[in-house]
Amino acid sequence: MRRTTGALVGLMMIVATAACSSETPEENTQEACSAAEQLTVALDNFDMTLSPGATVDEVRDARDSVRQAWQELDAAADDVAQDRGQALDEAWEDFEQSVDDVNGDATIRDAAESLRDDAVEVQEARDALADDLGC
């Protein structure tokens, strides 16, 4: 029982550490771009492996390299999409707060410019997320 508890605590610490990544959205994007390039390299290497003299083991090894590159890109792309989702959430919260902060005695003309800017930020965050999702 102690081993199970210790293993669970260890696993929870690993998950918590992974969830608390300190990478910025820019770093996540750079990692995704690098991973995309690595996938291209792995696919090119796979193509070169498909020669008449290649063995089945060589082809499988090349496939495994493609799999690894794909998994790294898949994980990096998830991080980028998560960053975009978080940016949309933050833009929405700023927009909502800006509307709430408008003085009840103010005219719409007085607040329109600021509210328009916040609405544009929501739209830009939405567009970035939709682009990442391929919408």
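1. Buried here means under 20% relative accessible area. By that cut-off, A62, V66, A69, L73, A76, V80, D83, A91 and S98 are buried in α3. Note the company: D83 is on the list alongside residues such as V66 and L73. Across the protein, 18% of the 135 residues count as buried. The coordinates come from a predicted model.

2. Confidence. The mean pLDDT of the protein is 82. A value of 70 or more is reached by 83% of the residues. The weak stretch is residues 1-20, where pLDDT stays under 50. For that stretch the model has 0 contacts beyond four places in sequence. I would read the remaining points with this in mind.

3. Overall fold. The protein has 4 helices and 0 strands. Along the sequence the pattern reads α-α-α-α. Take the contacts with a separation of 6 or more: residues 24 or more positions apart account for 70% of them.

4. Helix α3. This helix covers residues 56-101. Does its length come out as expected or not? With 46 residues at 1.5 Å a residue, α3 should span 68 Å. The end C-alpha atoms are 67 Å apart, so the span agrees with the expectation.

5. T49. This residue is in helix α2, which runs over residues 25-49. Is T49 buried or exposed? Its relative accessibility is 18%, so T49 counts as buried, because the cut-off is under 20%. A polar atom of the T49 side chain lies 2.9 Å from the backbone oxygen of N45. Leaving out residues up to four places away in sequence, T49 touches A54, E58, V59 and A62. Of these partners, A62 is also among the buried residues of α3.

6. Salt bridges. How many salt bridges does the count come to? The count comes to 3. Side chains of opposite charge can pair when their charged atoms come close. The side chains of D64 and R63 meet at 2.9 Å, N to O. D64 also meets R67, here at 3.1 Å, N to O. A further bridge joins the side chains of D127 and R126, with 3.1 Å from N to O. Shared partners join R63, D64 and R67 into one network.

7. Setting of the network. D64 and R67 both lie in helix α3. They are 3 residues apart, about one turn of the helix. D64 has a relative accessible area of 32%, so D64 is partly exposed. R63 is partly exposed too, with a relative accessible area of 39%. R67 has 38% relative accessibility and therefore counts as partly exposed.

8. The D127 and R126 bridge. Are these two residues buried, partly exposed or exposed? D127 counts as partly exposed, at 30% relative accessibility. R126 counts as partly exposed as well, at 43%.

9. Aromatic pair. The count comes to 1 aromatic pair. Its members are W92 and F95. A pair of aromatic rings is described by the distance of the centres and the angle of the planes. Here the centres are 5.6 Å apart and the planes are at 45 degrees, and the pair is tilted. Why tilted? The angle of 45 degrees is neither under 30, as for stacked, nor over 60, as for edge-to-face, so the pair falls in the remaining class.

10. Setting of the pair. W92 and F95 both lie in helix α3. They are 3 residues apart, about one turn of the helix. W92 is partly exposed, with a relative accessible area of 43%. F95 has a relative accessible area of 21%. Since buried means under 20%, F95 is therefore partly exposed.

11. D118. Helix α4, residues 108-133, holds D118. Its relative accessible area is 12%, so D118 is buried. Which residues does D118 contact, leaving aside neighbours within four places in sequence? The contacts are D94, F95 and S98. F95 is also a member of the aromatic pair, and S98 is buried in α3. D118 and V99 are 19 residues apart in sequence. In space, their C-alpha atoms are 9.2 Å apart.

Technical notes: Residues numbered from 1 in each chain as written. Predicted model: local features only at pLDDT ≥ 70, side-chain atom pairs only at ≥ 80, totals over all residues. Heavy atoms only, no water. Helix = DSSP H or I, 4+ residues; strand = E, 2+ residues; numbered from the N terminus. Buried < 20%, exposed > 50% of the residue type's maximum accessible area, 1.4 Å probe, protein only. Polar contact = N/O pair within 3.5 Å; in protein donor to acceptor, adjacent residues only side chain to side chain. Contact = heavy atoms within 4.5 Å. Salt bridge = Lys/Arg side-chain N within 4 Å of Asp/Glu carboxyl O. Phe/Tyr/Trp six-rings, centres within 6.5 Å; stacked < 30°, edge-to-face > 60°. pLDDT = per-residue confidence, 0-100. Expected span 1.5 Å × (residues − 1).
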